[in-house]
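This report concerns strand pairing, enclosed space and two side-chain contacts. The structure under discussion is shown next.

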Amino acid sequence: MEDANVATLPAHVAIIMDGNGRWASRRLMPRFEGHRRGVEALRRTVRAASDIGIRYLTLYSFSSENWSRPRLEVDYLMGLVKRFVRNDLAELHASNVRVRIIGERDGLEGELADLLVDAENLTAANTGLTLIVAFNYGGRQEIASAARRLAEMVAAGTLRPEEITPELLAGKLHTVDIPDPDLVIRTSGEQRISNFLLWQSAYAEFVFLPLLWPDFDRSALEAALAEFKARDRRFGGVSEPTPPRQATSG
């Protein structure tokens with residue numbers, strides 16, 4: 001896709017990385033192996049998105065509901081996150097990738113919380129792809145937290161209820177300085193958004209792919225981008241038909 005017109009690319013692509021466990025079970029492997037292969041797919045996707053020219057890439061890595069999984073699996077996933085930051089951060093920084101983390105930080109284990117801060121601080125001045133990692137993230141929780149902040153302002157007398165607008169609430173979200181996603185991709189064939197970027201995805205295009213996340217690669221990303229390019233995005237409006245060309249005499 002090197003010759004693609006950058007103007008037709010979505011500025012922000014968000015991906016629900018689903019299917020690690022099923023990928024492993026279909027191969028009679030432990031779920032842990034599916035998660036490990038999922039990290040490899042993550043690396044491929046970040047490189048591809050950067051090469052293609054996407055400006056923002058959000059990956060749903062760990063939801064606030066994922067804590068209910070078996071303890072051993074959660075511990076393994078936390079270890080994968082730590083290893084990814086330690087092993088891949090230098091390459092991301094060298095590739096001019098800026099790392100952002102969205103989600104709740106309260107209650108995270110100290111070493112992990114410190115690594116996330118280190119990743120953001122090291123890459124803060126980079127100007128290439130912005131990689132947003134949704135970690136310990138839930139869309140409903142994010143909106144509730146933003147509403148709570150506005151309610152506190154009303155209670156303190158610094159804001160009147162009638163002054164609350166969608167734009168004001170959006171300014172209290174984790175993604176305050178990040179454009180809304182243009183394209184949301186979900187792998188594994190499931191067709192739901194699972195509490196991911198609920199507010200921000202109001203006008204996003206959705207592409208649901210049947211392949212499982214460990215099999216996701218550049219060609220799968222390009223296929224989703226091609227489908228996005230074919231969509232007619234009206235944002236609640238109506239597309240005007242192209243008038244027929246007038247014949248010229250002469």
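Two strands are taken as paired if DSSP finds at least two bridges between them. In this predicted model, strands β5 (residues 183–186) and β6 run parallel and are joined by four bridges. Within that pairing, V184 stands opposite F206 of β6. The side chains of β6 (residues 205–208) alternate along the strand: E205 and V207 point to one face and are buried, whereas F206 and F208 point to the other face and are not buried.

**Pockets and cavity**

Rolling a probe the size of a water molecule over the atoms shows where empty space is left. The principal spaces are listed below.

| Space | Volume | Lining by class |
|---|---|---|
| Largest pocket | about 770 Å³ | 21 nonpolar, nine polar, seven charged residues |
| Second largest pocket | about 160 Å³ | five nonpolar, two polar, five charged residues |
| Largest cavity | about 40 Å³ | six nonpolar, four polar, no charged residues |

The lining of the largest pocket comprises 37 residues, and M17, N20, Y60, S61 and F62 lie nearest the centre of this pocket. Elements that each supply at least two residues to this lining include α1 (20–26), α2 (31–52), β3 (98–102) and α4 (110–123). Helix α3 gives the most, with seven residues.

For the second largest pocket, the lining residues include L42, R43, V46, R47, D88 and E91. Helices α2 and α3 are the elements that give two or more residues to this lining, and α2 provides the largest share, six residues.

Searching the whole structure yields one cavity of 30 Å³ or more. Among the residues lining the largest cavity are H12, T58, I102, I132 and L197.

**D88 and T58**

One lining residue of the second largest pocket, D88, is found in helix α3 (residues 71–94). Because its relative accessibility is 7%, below the 20% limit, D88 counts as buried. The side chain of D88 forms a polar contact of 2.6 Å with the side chain of R43, and R43 also lines the second largest pocket. Beyond neighbours within four places in sequence, D88 is in contact with R43 and R83.

T58, which lines the largest cavity, lies in strand β2 (residues 56–63). T58 is buried because its relative accessible area is 1%, under the 20% cut-off. A polar contact of 2.7 Å links the side chains of T58 and H12. Not counting residues up to four places away in sequence, T58 touches H12, V13, A14, I15, I132, F196 and L197; of these contacts, H12, I132 and L197 also line the largest cavity.

Methods: Residues are numbered from 1 along each chain as its sequence is written. This is a predicted model: local features need pLDDT of at least 70, side-chain atom pairs count only at pLDDT 80 or more; totals for chains, interfaces and linings use all residues. Side-chain values use heavy atoms; hydrogens and water are left out. Buried means under 20% relative accessible area, exposed over 50%, partly exposed in between (1.4 Å probe, protein chains only). A polar contact is a pair of N or O atoms within 3.5 Å; within protein, one must be able to donate a hydrogen and the other to accept it, and residues adjacent in sequence count only if both atoms are side-chain atoms. Contact means heavy atoms within 4.5 Å. On a 1 Å grid over the protein atoms alone, a cavity is a set of points where a 1.4 Å probe fits but cannot get out, and a pocket is an open set with protein on both sides within 12 Å along at least five of seven lines; lining residues have an atom within 4 Å of a point. Grid points are joined across faces, edges and corners, and a volume is the space filled by probe spheres set on the points. Ala, Val, Leu, Ile, Met, Phe, Trp, Tyr, Cys and Pro count as nonpolar, Asp, Glu, Lys and Arg as charged, and the others, Gly among them, as polar.
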